[in-house]
Amino acid sequence: MRVSALADLHARDRDDAKRLADLLADAARDADVVLLCGDLTDHGRPAQAEALLEAVHGVDAPVVAVLGNHDHEGGCAPEVARILRSGGVHLLDRGGAVEIGGVGFAGAKGFAGGFGRNAVRAFGEDALKAFVTESVVEAQALRAALKGLGTRAKVALTHYSPVLETVATEPVEIHSFLGSSRLGQALDEGGATVAFHGHAHHGAPEGRTDGGVPVYNVSLPVLHRLGRGHLALDV
Ligand SMILES: [Fe+2]
Ligand SMILES: [Fe+2]
């Protein structure tokens with residue numbers, strides 16, 4: 001199976017539909033399944049989800065997606081998710097999974113938290129503990145979704161990065177807000193074959209978890225710098 005992946009579409013309004021339709025049509029032409037790794041909308045407004053859905057309707061391939069932080073900005077992420085699902089998008093939220101053509105897909109938005117020895121620890125104030133808990137819960141959900149798949153290949157989608165490598169070219173001050181190595185552990189323990197993420201617009205295109213799972217940052221600005229509108233891979 002061939003998949004095309006991209007992220008950070010940041011759909012703005014109906015006038016944006018042509019740009020989105022072209023992006024998605026190109027991605028679908030190259031693959032059997034299209035993967036969208038979050039920040040589907042610019043501010044998480046239902047009208048922006050409708051604009052994206054209009055573009056999805058022209059796509060002749062299954063679309064699997066996770067939400068990003070921007071999709072939560074408007075305070076109506078459940079409505080955004082409902083709209084996308086109503087149009088047939090396989091939206092994998094907080095550890096959802098779907099099997100298509102014998103390949104398993106598991107997804108979670110993920111969350112911030114940082115990497116390795118410099119990861120934020122649950123210590124001190126309740127607000128900080130809540131921040132870390134969100135990171136842990138998202139990683140646990142991804143791990144469980146991957147473990148629940150019995151397929152030969154397990155493809156993981158997140159919005160936040162599971163590895164430092166793909167955010168290393170971003171300002172060091174924001175690394176902790178771009179992902180969490182807890183997600184990387186989840187990929188290793190859940191037996192992921194390959195993982196895709198977005199969010200790090202100024203990040204690097206590829207990395208690997210400690211366990212050797214290949215990780216691709218498919219944020220559109222990163223892809224555009226490589227002269228691409230999506231990344232197509234065999235899984
Ligand atoms: Fe983004
Ligand atoms: Fe983002």
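**Close-up 1. Buried residues of helix 4 in the predicted model.** Along helix 4, the residues that count as buried are Val132, Ser135, Glu138, Ala139, Ala141, Leu142, Arg143, Ala145 and Leu146. Among the elements that cover these buried residues are strand 5 (96-100), strand 6 (103-108), strand 7 (153-158) and helix 5. The helix itself comprises 22 residues and spans 31 Å between its first and last C-alpha atoms, which is close to the 32 Å expected at 1.5 Å a residue.

**Close-up 2. Packing of helix 4 against helix 5.** Helix 4 (residues 126-147) and helix 5 (residues 181-190) pack at an angle of about 15 degrees, and their axes lie 8 Å apart. Because angles under 35 degrees count as roughly parallel, helix 4 and helix 5 are therefore described as roughly parallel to each other. The crossing of the two helices is right-handed. Helix 4 contributes Ser135, Val136, Ala139, Leu142, Arg143, Leu146 and Lys147 to the contact, while helix 5 contributes Arg182, Leu183, Gln185, Ala186, Glu189 and Gly190. Sorted by class, the residues of this contact between helix 4 and helix 5 are 6 nonpolar, 3 polar and 4 charged.

**Close-up 3. The surroundings of Ala55 in helix 2.** Ala55 belongs to helix 2, which covers residues 46-56, and Ala55 is buried, because 22 other C-beta atoms lie within 10 Å. When residues up to four places away in sequence are left out of account, Ala55 touches Ala17, Leu20, Ala21 and Leu24. With regard to Ala21, which is 34 residues from Ala55 along the chain, the C-alpha atoms of these two residues are separated by 4.3 Å.

Key. Residues are numbered from 1 along each chain as its sequence is written. Chains are lettered from A and ligands numbered from 1 in the order in which they are written. This is a predicted model: local features need pLDDT of at least 70, side-chain atom pairs count only at pLDDT 80 or more; totals for chains, interfaces and linings use all residues. Axes are lines fitted to C-alpha atoms, for helices over the stretch in contact, and angles run from 0 to 180 degrees between N-to-C directions. Helices (H or I, at least four residues) and strands (E, at least two) are DSSP runs, numbered from the N terminus. Angles under 35 degrees count as roughly parallel, over 145 as roughly antiparallel, 65 to 115 as roughly perpendicular and the rest as oblique. A crossing is left-handed if the near helix is turned anticlockwise from the far one by less than a right angle, and right-handed if clockwise. Two residues are in contact if their C-beta atoms, placed from the backbone, lie within 7 Å. Ala, Val, Leu, Ile, Met, Phe, Trp, Tyr, Cys and Pro count as nonpolar, Asp, Glu, Lys and Arg as charged, and the others, Gly among them, as polar. The expected span of a helix is 1.5 Å times one less than its number of residues. A residue is buried if 20 or more other C-beta atoms lie within 10 Å of its own, exposed if 12 or fewer, and partly exposed in between; C-beta atoms are placed from the backbone.
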